[in-house]
Amino acid sequence: MLKRHPLSVTLDLKCKDENVLHLTFYYLMNLNVMTVKAKVTTAVEMTTAISAGDLLSPDSLLNCLYPGDHGRKTPNPANQFQFDKVGILTLSDYVTELGHPYVWVQKLGGLHFPKDQPQHTVAADNSLSASHMELTVKLLRSRLQSRLALHKQFASLEHGVVPVSSECQQLFPTKIVSRLVKWTAIPYEDYAELPYTKDVIEAGLAEDTHLYYMALIERGTAKLQAAVVLNPGYSTLPPVFSLCLNWKGERNSSNDDNIRAMESEVNVYYKELWGPKPGYQLLTNQLQRLCMVLDVYLETEPHDPSVEGPKEFPQEKMCLRLVRGPLRLKPFKFNYPQGFFSHR
């Protein structure tokens, strides 16, 4: 049933920086579908970041190249009858061995399967293949480059360094005291159990095809946890952050309006953080902005008169107004080149 044709086609996509994406296409004769296996060769030796394990893995590298195309199910509706005959439940148990039957792979091979009625014979059509080739190759190239850019960022993040490029320096003040102390990959189940990620899951922004990470940013006694969802289509689709601050109790978007405002600084105003096109620096800039807004949050807190001694977080940032409106929102917007903070 799962027999492959003895001939396969290998396509090597080279990028300007000498990195290569190797794609090997197979044809499953009895199922009449095509599958692909992917492998990456990098021009220089990559420093292995533990959290970057899934970025270049053949299983997730080409996930959702086109929205919703995760390559776990067979695109050919007629296959279900064949599976029932021999007791195969789903093709996803065999994709590691056979390759992924993405919909775009069928189109490159000239195959199109109408969803409504199963066709017993689907003939390959050259014009279908030609019409999809250009866009798909573009998407594949940009996917490889965005993953390699992330790989590089992760290597720095694991060492507590947020690598802000020179073109993006003006987005931030020169002095930021809060520091990234931890960056790790987490499984989807751990992410879903966090009490402050429910809104993201309910909004349908966290699926099992996405990648999940946990960042910890500290300043003094304050610890800010950020749970991050990375969409496979990064950086066209931005990462989504959920925050929880441990400082004099636990604060998150449900009990502190300023935490919600900090989330919107990275989730809503992400376009300000894209940096030079095609925006592969977005994640790094979002983390740097989190360090910056945590500084503002802590420095603008009123001093508790019952505590003796100096204030734990002296105000170093220049703010036009400390709080505004009935929600007592803090000034999180950084104004360059004047260097002051204001409200949105």
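In which order do the strands of the open three-stranded sheet run, and with what pairing? The order is β1-β2-β3, and the pairing is antiparallel. The model is predicted. The legends below begin with this sheet.

**View 1. The open sheet of three strands, β1-β2-β3.** β1 (9–14) and β3 are the edge strands. Each of them pairs on one side only. Neighbouring strands are turned by 20° against each other on average, direction ignored. Six bridges join β1 to β2. Within this antiparallel pair, threonine 10 has threonine 24 of β2 as its bridge partner. Strands of a sheet pair through backbone hydrogen bonds, either parallel or antiparallel.

**View 2. The hairpin of β2 and β3.** β2 covers residues 20–28 and β3 covers residues 33–41. The two strands run antiparallel and are joined by nine bridges. Tyrosine 26 has its bridge partner, threonine 35, in β3. Four residues lie between the strands. Asparagine 32, in the turn, has a positive phi of about 60°.

**View 3. Isoleucine 50 in the loop between β3 and α1 (79–86).** Is this isoleucine 50 buried or exposed? Isoleucine 50 is exposed, because its relative accessible area is 78% and the cut-off for exposed is over 50%. The C-alpha atoms of isoleucine 50 and alanine 155 are separated by 8.2 Å. Along the chain, these two residues are 105 residues apart.

**View 4. Helix α4 packed with helix α8.** α4 spans residues 126–157, and α8 spans residues 282–299. The helices pack at an angle of about 30°. Their axes are 9 Å apart. From α4, the contact is made by Leu150, Gln153, Phe154 and Leu157. From α8, Leu283, Thr284 and Leu287 take part. By class, the contact has five nonpolar, two polar and no charged residues. An α-helix has 3.6 residues a turn, so residues three or four places apart point the same way.

**View 5. Glutamine 288 in helix α8.** Why does glutamine 288 count as buried? Its relative accessibility is 16%, and buried means under 20%, so glutamine 288 falls in the buried class. Residues up to four places away in sequence aside, glutamine 288 touches Val162, Val164, Phe172 and Ile176.

**View 6. The largest nonpolar core, with 51 residues.** Phe154, Trp183, Phe241, Met262 and Leu283 have the most contacts inside this core. α4, β4 (179–185), β5 (211–219), β6, β7, α7 and α8 each supply at least two of its residues. The largest share, 11 residues, comes from α8. Leucine 283 touches residues including Leu150, Phe154, Trp183, Val228, Tyr234, Pro239 and Phe241. Apart from this core lies another, of 29 residues. Among them are Leu31, Leu91, Val122 and Leu140. In soluble globular proteins, nonpolar side chains tend to be buried together.

**View 7. Helix α7, residues 257–267, and its surroundings.** Which residues of this helix are buried? They are Asn258, Ile259, Ala261, Met262, Glu263, Glu265 and Val266. These buried residues pack against β6 (222–230), β7 (240–246), β8 (250–252) and α8. Aspartate 256 caps the N-terminal end of α7. One of its side-chain oxygens lies 2.8 Å from the backbone nitrogen of asparagine 258.

Technical notes:
Residues are numbered from 1 along each chain as its sequence is written. This is a predicted model: local features need pLDDT of at least 70, side-chain atom pairs count only at pLDDT 80 or more; totals for chains, interfaces and linings use all residues. Side-chain values use heavy atoms; hydrogens and water are left out. Axes are lines fitted to C-alpha atoms, for helices over the stretch in contact, and angles run from 0 to 180 degrees between N-to-C directions. Contact means heavy atoms within 4.5 Å. Ala, Val, Leu, Ile, Met, Phe, Trp, Tyr, Cys and Pro count as nonpolar, Asp, Glu, Lys and Arg as charged, and the others, Gly among them, as polar. Two strands pair if DSSP finds at least two bridges between them. Buried means under 20% relative accessible area, exposed over 50%, partly exposed in between (1.4 Å probe, protein chains only). A polar contact is a pair of N or O atoms within 3.5 Å; within protein, one must be able to donate a hydrogen and the other to accept it, and residues adjacent in sequence count only if both atoms are side-chain atoms. A nonpolar core is a set of buried Ala, Val, Leu, Ile, Met, Phe, Trp, Tyr and Cys residues joined through side-chain atoms within 4.5 Å.
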